[in-house]
Amino acid sequence: SRTGGSVSYNRFGGGEVTEFSSLLLRGGSNVNLDTVRDCFASELIEDVYPTLYPQKVRYTAVYINGQYYGGYAWREDYSEDYYAAHTGADPAGVTMARAPLSSGELYDLISYAMTHPHPSDEEYAYIADQLDLDSLAGWMALQAWFNNLDINGNIRYVRLSERPKWQIVLYDLDYSMLTEAAGWDVMMNSY
């Protein structure tokens with residue numbers, strides 16, 4: 001959680017990012033191995049699709065007063081500082097949003113796109129000027145590939161002043177890679 005300070009530590013190895021204003025310590029929450037699936041998915045896409053901003057992970061054992069409380073995962077936390085560290089952007093120029101959206105510029109853009117399923121060249125250009133369609137395509141492909149059933153409420157968006165298009169961020173894949181069939185309507189109605 002955010003405490004108003006920061007931590008300097010090479011928490012995830014590699015030394016790319018060593019200053020953190022917030023970190024997550026995640027344990028299992030929904031079903032067996034959910035944290036492992038979430039972290040595994042992030043690690044798989046890190047080299048393939050870094051523009052979806054996968055959270056780095058490091059597993060740890062938690063002891064409190066000498067008593068073992070289980071295995072947990074340290075995760076990077078999405079924040080203005082996270083995006084600044086990974087992109088070189090100014091933290092003050094980072095705008096974040098999360099689903100479900102109910103109003104605002106991003107809501108209007110997505111509503112426009114959803115009501116123009118076969119856009120003209122001008123309508124397509126209007127959408128493409130504001131939304132990073134490569135991040136959308138990658139996000140949709142990976143959501144389907146990982147068979148993620150937990151999309152509702154777990155979509156994150158970011159816009160950087162240096163890159164003025166909205167990008168979709170891959171987030172929360174702990175309820176993925178299960179045997180149930182993914183619901184296309186869940187993905188299409190989750191913005």
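Visitor: What makes two residues of the protein chain, 24 or more positions apart, count as one of its contacts?

Guide: They count because they have heavy atoms within 4.5 Å. In this predicted model, such far-apart residues account for 65% of the protein chain's contacts with a separation of 6 or more.

Visitor: Why is the largest cavity called a cavity and not a pocket?

Guide: A pocket is open, whereas a 1.4 Å probe fits in a cavity but cannot get out, so the enclosed space earns the name cavity. The largest one holds about 80 Å³, and the second largest has about 30 Å³. With 30 Å³ or more as the bar, the count is two.

Visitor: What makes Phe20 a lining residue of the largest cavity?

Guide: Lining residues have an atom within 4 Å of a cavity point, so Phe20 must pass that test. Phe20 is in the lining of the largest cavity, along with Val17 and Glu76. Those three also turn up in the lining of the second largest cavity, together with Phe12, Gly13, Glu16 and Lys56.

Visitor: Which element gives the largest share of the largest cavity's lining?

Guide: That's H2, with four residues. Helix H2 covers 80-87, and strand S2 (19-20) also supplies at least two.

Visitor: Why is Gly13 in the second lining called polar?

Guide: Gly is grouped with the polar residues by this scheme, so Gly13 goes there. The second lining has one polar residue, plus three nonpolar and three charged. The largest cavity's lining splits into four of each class: nonpolar, polar and charged.

Visitor: How do you know what counts as buried among the 191 residues?

Guide: A residue is buried if under 20% of its relative area is accessible, and 41% of the protein chain makes that cut.

Technical notes:
Residues numbered from 1 in each chain as written. Predicted model: local features only at pLDDT ≥ 70, side-chain atom pairs only at ≥ 80, totals over all residues. Heavy atoms only, no water. 1 Å grid on protein atoms, 1.4 Å probe; cavity = no way out; pocket = protein on both sides within 12 Å on 5 of 7 lines; lining within 4 Å. Points joined across faces, edges and corners; volume = space filled by probe spheres on them. Buried < 20%, exposed > 50% of the residue type's maximum accessible area, 1.4 Å probe, protein only.
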